[in-house]
Amino acid sequence: MTKSRITRDTLLDNVRRVVVKVGSAVLATRDGLNGAAINRLADQLAELSDRGLDVILVSSGAVAAGRQRIFERTRKKHRNGKDMVSRQAASAVGQGRLMHDYDEAFARHGKVTAQVLLTRSGLKLRDRFLNARNTLERLLEWGVIPIINENDTVSTRELEFGDNDTLAAMCLGLIGADLFVNLTSADGVFDRNPDANPDARPIPLIEDIAALDLESMCDGKTNVGTGGMYSKLRAARRAAQLGVPTLIASGKGAFDIPAALRGGDTGTLILPDDRVVSSKKFWLAYRDDPSGSILVDGGAANALLTKGTSLLPIGITGVEGCFERGALIFIKTADGDELGVGQTNYSADELCRIKGKRTDELAAIVGPMVSDEAVHRDNMLLDAAI
């Protein structure tokens with residue numbers, strides 16, 4: 001289906017596989033998990049499954065469930081600790097409770113669920129990424145509904161996805177989804193932050209998310225790492241690059257996912273890009289945080305943007321950060337404008353020595369060459385949503 005033909009009424013026409021992400025704001029109250037919300041979500045996802053769709057659920061809620069359980073059993077007042085160790089401990093308690101509630105909710109419809117815990121390090125290496133894909137494919141083949149969450153108990157700040165919006169976007173490429181539904185506490189996307197601007201207007205359709213200033217719309221990146229509309233729009237931007245449409249809608253109250261996908265007017269529909277990146281490029285760009293930057297001159301920047309070339313050392317003017325061969329790095333202009341990200345063939349030290357040099361000069365400087373290119377075009381994603 002081409003971008004121009006995608007409407008609310010046609011959204012489900014060619015969908016085979018859908019990723020649904022739900023946050024703690026939907027599933028939990030101040031007192032812990034909301035059983036009614038979990039049952040309502042299971043009812044609607046079971047209906048999609050009965051229609052023949054593969055359904056993958058990315059769910060928050062383990063920390064909230066854990067805090068609830070701890071307080072019920074111990075009455076410990078420090079159950080609301082927000083430091084990393086407290087979050088991990090609460091998650092360890094809550095994961096079992098969350099899955100128990102999901103398992104019972106889906107069992108009412110004869111559905112089997114599977115818990116899948118992922119970490120960024122688990123998807124960073126290509127072979128582990130492919131192994132996770134194979135496992136999920138087999139679960140879907142069996143008719144099981146995978147319920148994915150970040151493995152908070154073992155994650156560190158350096159390795160965590162930061163929020164389940166980011167994790168859900170990675171899952172789109174992991175399992176080849178056709179549609180992304182992001183359930184939140186807001187009634188879709190607004191032109192400005194409605195919390196600070198009472199006259200903010202809802203946006204029912206976003207045709208070109210790449211053209212939007214997401215930071216301005218969301219009052220900066222203040223919510224990155226803890227959810228919030230910025231992270232949801234950034235996840236939608238990544239989905240658009242994969243050719244996947246996104247529906248951001250409220251999961252509060254009597255929400256109805258099947259009705260929204262049949263042409264309802266709730267939430268915001270975000271259309272995919274016309275140019276779609278490969279799953280491998282998507283994985284390469286978003287599997288890790290960039291370790292540094294390569295600065296390029298105007299000629300190299302123009303060649304990258306208009307001709308789709310690889311980046312040669314002769315076009316490099318500077319290097320920022322300390323990184324080894326194979327690291328993910330930013331590619332920037334000398335003025336600091338981000339062009340994209342890529343996997344470097346050389347370390348930061350080697351690039352400092354060969355920047356501005358012709359290809360025939362490289363061997364004399366660094367010895368036997370790894371590659372003529374500093375970053376090959378097949379290992380580069382321009383306009384990355386970092």
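Select aspartate 43 first: in this predicted model the residue is partly exposed, with a relative accessible area of 29%. Add arginine 108 to the selection. The two side chains meet in a salt bridge, 2.8 Å from N to O. Aspartate 43 belongs to helix H2 (residues 35-50), while arginine 108 sits in the loop between helix H4 (84-107) and strand E5 (113-118). The pair thus links distant parts of the chain, 65 residues apart. Arginine 108 is also partly exposed, its relative accessible area being 48%.

Stay in that loop and select histidine 109, which lies between H4 and E5. Is histidine 109 buried, partly exposed or exposed? With a relative accessible area of 31%, histidine 109 is partly exposed, because that value falls between the 20% and 50% limits. Leaving aside residues up to four places away in sequence, histidine 109 touches Ala42, Asp43 and Ala46. Aspartate 43 therefore appears twice at this stop, as the salt-bridge partner of arginine 108 and as a contact of histidine 109, within the wording of the contact cut-off of 4.5 Å. For a distance check, draw a line from histidine 109 to valine 276: the C-alpha atoms are 36 Å apart, with the two positions 167 residues apart in sequence.

Next, select arginine 17 and aspartate 54. They form a salt bridge whose closest N and O atoms are 2.9 Å apart. Arginine 17 is in strand E1 (residues 17-22) and aspartate 54 in strand E4 (residues 54-59); the pair links parts of the chain 37 residues apart. Where the residues of the pair at aspartate 43 are partly exposed, both arginine 17 and aspartate 54 are buried.

Move on to helix H13 (residues 348-354) and select aspartate 349 and arginine 353. Their salt bridge has its closest N and O atoms 3.5 Å apart. How far apart are aspartate 349 and arginine 353 along the helix? They are 4 residues apart, so about one helical turn separates them. Arginine 353 is partly exposed, at a relative accessible area of 39%. Now extend the earlier selection at arginine 17: salt bridges that share partners join Arg16, Arg17, Asp54 and Glu137 into one network. Side chains of opposite charge can pair when their charged atoms come close. A search of the whole structure finds 19 salt bridges.

The next stop is arginine 67, in helix H3 (residues 62-74). Its relative accessibility is 18%, so arginine 67 counts as buried. Add glutamate 361 and draw the C-alpha distance: 61 Å, for residues 294 apart along the chain.

Finally, clear the selection and show the whole chain. Its secondary structure comes to 14 helices and 17 strands. The radius of gyration is 22 Å, close to the 21 Å that the globule rule gives for 386 residues, so the chain is as compact as a globular protein of that length. Along the principal axes, the C-alpha trace spans about 70 × 50 × 45 Å.

Colouring by accessibility comes next. Of the 386 residues, 53% count as buried. The chain exposes about 17,400 Å², and carbon and sulfur atoms supply 47% of that area. For a contact map, take residues at least 6 apart in sequence: 75% of such contacts join residues at least 24 apart. Colouring by charge ends the tour: the mean positions of the 49 positive and 51 negative charges are 4 Å apart.

Note on methods
Residues are numbered from 1 along each chain as its sequence is written. This is a predicted model: local features need pLDDT of at least 70, side-chain atom pairs count only at pLDDT 80 or more; totals for chains, interfaces and linings use all residues. Side-chain values use heavy atoms; hydrogens and water are left out. A salt bridge is a side-chain nitrogen of Lys or Arg within 4 Å of a carboxyl oxygen of Asp or Glu. Helices (H or I, at least four residues) and strands (E, at least two) are DSSP runs, numbered from the N terminus. Buried means under 20% relative accessible area, exposed over 50%, partly exposed in between (1.4 Å probe, protein chains only). The radius of gyration is taken over C-alpha atoms; the globule rule is 2.2 Å times the number of residues to the power 0.38. Accessible areas come from the Shrake-Rupley method with a 1.4 Å probe; for residues, only the protein chains shown count as cover. Lys and Arg count as positive and Asp and Glu as negative; His and the chain ends are not counted. The place of a charge is taken as NZ of Lys, CZ of Arg, CG of Asp or CD of Glu.
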